[in-house]
Amino acid sequence: MTKQTAPYAARFSQQIAGGAPCFPFWKGRVALYAILKALGIAPGDEVVVPGYTCVMNINPVKYCGACPIYVDIDPKTYNVDPGRVEAAITPRTRVIIAQHTYGIPCDMDVLLAIGKKHGVPVIEDCCLALGSTYKGRLCGTMGVAAYWSFQWSKTVTTGIGGMAAVNDPVLAEKVRVLCAQAKNPSLRTTTLLDLQRLAHRFLLYPKTAAFATALFRWLTAKGVVIGSSSSQEFNPVEALDFFMGMSVGQARAGLRGLSFLEKNRDHRQELLKLYEDELKGKEALLPQPPVGGAPVYVRYPVRVKDKQFILKEAVSRRMEIGSWFESPLHPHETPLSPYNYTLGQCPEAERAAREVVNLPLHPRVTRTEAERSVRFIAEHLAGE
Ligand SMILES: *Cc1c(COP(=O)(O)O)cnc(C)c1O
């Protein structure tokens, strides 16, 4: 952390993390890595994760030499099925990662109780759940530590970026030391990211999203822009430039994002209401948060009949309809065996990967666009 990034960490701590010490990083996955390292995760250890996540989230586990143990999801919440977590615990289990998928809080009472019973700490993955609460408590304040991502598609974005919050003083000290050791991103990297953020601000609207995303991926592959991911992600070996801190530009963007958070959240609630109204009577295809869970959805998941058709049509009709996760380890190109996943292991997660598309809620989606998208989806729901 530097003098320039500290104000963002402080503001984030107050506004989002219940006052816990916060540590900014280059990406959310780097924040997770720092937490795992601080916990002393090493070869031979096991980490319980949901079988419905992205490969970027599993890499830090692999970089520590640990083995991810996948637990299937509850199809109603898209989070680990708490009833299956205990069976996954072995004498080697060192961490449970509670990923609040799409912004839906995990059933934390159950997960924390299992963790306590077996002496295993719970880390909250809040990358999709900035501002969500569970029984009145903010996501990120319940586990031993938590992390957030500020990548393009998240509730608050800095282009690329991440934050760790630590709710245990001894562990916080260790993360503080690690954060101080993180390399600063190079001037070339930060300048490119600053330019990309600018481009994103002016160019990325629902009507252009598909085109802009394709262009961005192409440029990333050419090495012209800083991608949030690269093919390096499919290799569970730590890269030299992985462990980096947050830049000044990211921290500034983050502060700006937090200052608009209230508006951002109101907009999300308004569009959510619109989606729920349009999909009334179809609750079986919609998420059902656990008792006491109050999500701030990052995007709204819906089960459809023919996902590939929907995604293709959405591009040609210029609607922004998304697809997370396309595989138990998003994206679909991820080779599963190097990541210790066997097809068929998490059937509900695999079914969700086949059936679920998501509707946008971000501040640039207008009511009209939201209406168009949800009405299109309503004609193609699963099981009809
Ligand atoms: C985005 C995301 C991450 C990783 O965030 P980065 O900042 O891209 O490293 C981890 N977990 C979940 C659930 C995410 O959605």
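An oxygen atom of the ligand sits 2.7 Å from an N or O atom in the side chain of R29. The model is predicted, and this contact is a convenient place to enter it. The residue before R29 in the numbering, G28, also meets the ligand: a polar backbone atom of G28 is 2.7 Å from a ligand oxygen atom. With N57 the ligand partner is a nitrogen atom, which is 3.5 Å from an N or O atom in the N57 side chain. Of the 380 Å² of accessible area that the ligand has on its own, the protein covers 95%.

The residues that surround the ligand can be listed in full. They are K27, G28, R29, N57, Q99, D125, C127, L128, S149, K154 and G161. Sorted by class, this shell holds four charged, five polar and two nonpolar residues.

From the ligand site we turn to helix packing. Two packed helices are described by the angle between their axes and by the distance between those axes. Helix α9, residues 248-259, packs with helix α7, residues 187-203, at an angle of about 30° and with the axes 10 Å apart. Angles under 35 degrees count as roughly parallel, so α7 and α9 are roughly parallel to each other. Their crossing is left-handed.

Helix α9 also has a crossing with α1, which spans residues 6-15. Here the axes come within 9 Å and cross at roughly 30°. That angle makes α1 roughly parallel to α9. The crossing of α1 and α9 is left-handed.

The remaining features concern the backbone in loops. Most residues other than glycine have a negative phi, and most peptide bonds are trans. Against that background, which residue has a positive phi although it is not a glycine? It is Y102, with a phi of about 60°. Y102 is placed in the loop between strand β5, residues 93-99, and helix α5, residues 108-118.

Cis peptide bonds occur further along the chain. One joins W324 and F325, with omega about -20°. F325 belongs to the loop that runs between α11 (307-316) and β13 (329-330). Another cis peptide bond joins H330 and P331, and its omega is about 0°. P331 is found in the loop between β13 and α12, the latter covering residues 347-355. Strand β13 thus borders both loops: the one with F325 and the one with P331.

Definitions and conventions. Residues numbered from 1 in each chain as written. Predicted model: local features only at pLDDT ≥ 70, side-chain atom pairs only at ≥ 80, totals over all residues. Heavy atoms only, no water. Near = heavy atom within 4 Å. Polar contact = N/O pair within 3.5 Å; in protein donor to acceptor, adjacent residues only side chain to side chain. Areas by Shrake-Rupley, 256 points an atom, 1.4 Å probe, with all protein chains shown as cover. Nonpolar A, V, L, I, M, F, W, Y, C, P; charged D, E, K, R; others polar. Axes fitted to C-alpha atoms, helices over the stretch in contact; angles between N-to-C directions. Helix = DSSP H or I, 4+ residues; strand = E, 2+ residues; numbered from the N terminus. Parallel < 35°, antiparallel > 145°, perpendicular 65-115°, else oblique. Left-handed = near helix turned anticlockwise from the far one by under 90°.
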